[in-house]
Amino acid sequence: MIITRRAFTAALSLTGLAALAGLSPLRLISEALAQKATAADVAKPVSLPDMALGPANATITMTEYASMTCPHCAHFNEAVFPKIKSEYIDSGKIRYVFREFPLDIKAAAGSMLARCIAKDDSGKYFAVIDMLFRQQNDWVLKNTTETLKRIGKQAGLSEQAVETCLKDQALLDKIAADQKYASDVLKVNSTPTFFINGEVVKGAVSFEDFDKLIKPLLKS
């Protein structure tokens, strides 16, 4: 499915993000048949630098594609990710990479704000996306722009800086380009989608199920 310019502009007018109307529409996903992506394909950052936790030489690399408005992604962030972090990331066994895959304009705005706040600081980035996921109902279901300004202020950005961030054409283009790569090459078509050493895992997966996938890789 591709968001047309007309639908994109109409959506903006309903979300309180009309200032973004001049930005390029996000290209979303259509089902496609293709060769299976390799671990090297997954490892390749396209436009934006990867935001990651854990050592670069970890035995396992776990990459998540998520949309900031996705309730299953928010549930993973709250219920599953802390266990993975405690058990595997903090111990240096897993390198965890988070990549934006916005399914709508509000998700794109949330991703843009996280990037603007964090700059190149991965720790700060993960703190911001955690805040966005935990407050998802507030900023997705209510006045998006005003709530994002409040979150930005909590993180040290002025109201003007948030507005400038949400109008950043170059940043949105990079997010869209990376999303297109994930769609075309990795065949990501839903969120959350995970890659564990290149093997795809989709949907709402429990910690116990992840554990069953991770432990054999650590022994091999």
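This report looks at one helix pair and a few unusual backbone spots in a predicted model. Local features need pLDDT of at least 70 and side-chain atom pairs count only at pLDDT 80 or more, while totals for chains, interfaces and linings use all residues. Residues are numbered from 1 along each chain as its sequence is written, and side-chain values use heavy atoms, with hydrogens and water left out.

Let's start with the helices (DSSP runs of H or I, at least four residues; strands are runs of E, at least two). Helix α4 (residues 105–118) packs against helix α9 (residues 169–184) at about 115°, and their axes sit 10 Å apart. The pair is therefore roughly perpendicular (that word covers 65 to 115 degrees). On the α4 side, the contact (heavy atoms within 4.5 Å) uses A108, S111, M112, R115 and C116, and on the α9 side L171, L172 and I175. By class, that makes six nonpolar, one polar and one charged residues (Ala, Val, Leu, Ile, Met, Phe, Trp, Tyr, Cys and Pro count as nonpolar, Asp, Glu, Lys and Arg as charged, and the others, Gly among them, as polar).

Now for the loops. Between α9 and β4 (193–196) you'll find P192, and the peptide bond leading into P192 from T191 is cis, with omega near -5°. K187 is in the loop between α9 and β4 too, while N197 is in the one between β4 and β5 (199–202). Neither K187 nor N197 is a glycine, yet each has a positive phi. Both are partly exposed, between the cut-offs for buried (under 20% relative accessible area) and exposed (over 50%), using a 1.4 Å probe and protein chains only.

| Residue | Phi | Relative accessible area |
|---|---|---|
| K187 | about 65° | 23% |
| N197 | near 50° | 33% |

Notes: Axes fitted to C-alpha atoms, helices over the stretch in contact; angles between N-to-C directions. Parallel < 35°, antiparallel > 145°, perpendicular 65-115°, else oblique.
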